[in-house]
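Me: Please take one part of this model and look at it closely. Go through its pairings first, then its surroundings. Keep it brisk.

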Amino acid sequence: AMENSKQVLGDKIKLAEKLSALSIPMVETARVSHGDWQDLEAALIRHPKLFCKLRSGNQGESAFAVWHSEQGLQGLAHDGKNLPNETAVRQAWQLLTGKGEVLLQALLINHPLLAAASPADVAVTLRLVTRQTPEGPCAWWAELQVAGEDTSNGARGFWRFPVSVHDGRLSCL
């Protein structure tokens, strides 16, 4: 059972199917791609902003956001690096798709009450870790992750705030 759980967690589509069945909302996958640039262009017709990530990666490895602007195609890498034009977006696409199957999802935006916490418009994330018990899955640990300002070397760190799994209260320790 443990190995099967790792396989489901490693496959973001299977994980979304399982969690959706438990009434836990997940981001819609607009398209799955094996590296065809047309997949990205087609998904951008339905969704004005996309988040591109590996189907089985973790920690946002090579992931990036992409959208059309008045200047053309632009994006933002998960690590905070700007993708100022189509050439940069295509390079990010090639790097990402060279690592495996890619999910194209609608880009999440912050709720207006959280927008001020993330000046770079990076999604504020609730990370929840669960454990399987005889009664079913239960919350074990949680934190709210808020992107920090870009550093001089272009990297981005995150502020991490513990969240009580018992009552949902945020701690600013």
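Reply: Start with one bridge: Val66 has Gly75 in E4 as its bridge partner. The model is predicted, so local features need pLDDT of at least 70 and side-chain atom pairs count only at pLDDT 80 or more, while totals for chains, interfaces and linings use all residues. Residues are numbered from 1 along each chain as its sequence is written, and side-chain values use heavy atoms, with hydrogens and water left out.

The part to follow is strand E4, residues 72-77. Helices (H or I, at least four residues) and strands (E, at least two) are DSSP runs, numbered from the N terminus. Five of the six residues of E4 are buried, so the strand is largely enclosed by the rest of the structure. Buried means under 20% relative accessible area, exposed over 50%, and partly exposed in between, with a 1.4 Å probe and protein chains only.

Now the neighbours of E4. Strands of a sheet pair through backbone hydrogen bonds, either parallel or antiparallel. Two strands count as paired if DSSP finds at least two bridges between them. Strand E3 (residues 64-69) pairs with E4 over six bridges, in the antiparallel sense. Ala65 faces Leu76 of E4 across this pairing. The two strands form a hairpin, with two residues between E3 and E4.

Strand E5 (residues 82-83) is another partner, joined to E4 by two bridges and running antiparallel. Here Gly75 stands opposite Leu83 in E5. Gly75 is thus placed in both pairings, because it is also the bridge partner of Val66. The hairpin of E4 and E5 has four residues between the strands, and Gly80 there takes a positive phi near 100°.

Next, the whole sheet. Six strands form an open sheet in the order E1-E6-E2-E3-E4-E5, with antiparallel pairing. Strand E1 (29-33) and E5 are the edge strands, each pairing on one side only. Between E2 and E3 there are four bridges, again antiparallel. Lys49 is set opposite Trp67 in E3, and Cys52 has Phe64 in E3 as its bridge partner. The loop between strand E2 (49-54) and E3 holds Ser62. Ser62 has a positive phi of about 65°, although it is not a glycine.

Then the helices over the sheet. Helix H3 lies across E1, E2, E3, E4 and strand E6 (102-106), and runs at about 175° to E1. Helix H4 lies across E1, E2, E3, E4, E5 and E6, and runs at about 150° to E3. Axes are lines fitted to C-alpha atoms, for helices over the stretch in contact, and angles run from 0 to 180 degrees between N-to-C directions.

The two helices also pack on each other. Two packed helices are described by the angle between their axes and the distance between the axes. For H3 (residues 37-46) and H4 (residues 86-97), the angle is about 120° and the axes are 11 Å apart. That makes H3 oblique to H4. Angles under 35 degrees count as roughly parallel, over 145 as roughly antiparallel, 65 to 115 as roughly perpendicular and the rest as oblique. The crossing of H3 and H4 is right-handed; a crossing is right-handed if the near helix is turned clockwise from the far one by less than a right angle, and left-handed if anticlockwise.

From H3, Trp37, Leu40 and Glu41 meet Glu86, Val89, Arg90 and Trp93 in H4. Contact means heavy atoms within 4.5 Å. The residues of the contact of H3 with H4 are four nonpolar, three charged and no polar. Ala, Val, Leu, Ile, Met, Phe, Trp, Tyr, Cys and Pro count as nonpolar, Asp, Glu, Lys and Arg as charged, and the others, Gly among them, as polar.

One more residue of H3 is Asp39. Asp39 is buried, at a relative accessible area of 14%. Leaving out residues up to four places away in sequence, Asp39 touches Arg31, Val32, Ser33, His34 and Leu104.

Last, the setting. The protein has five helices and nine strands. Along the sequence they follow the pattern α-α-β-α-β-β-β-β-α-β-α-β-β-β. Of the 173 residues, 32% are buried. Among contacts between residues at least 6 apart in sequence, 44% join residues at least 24 apart.
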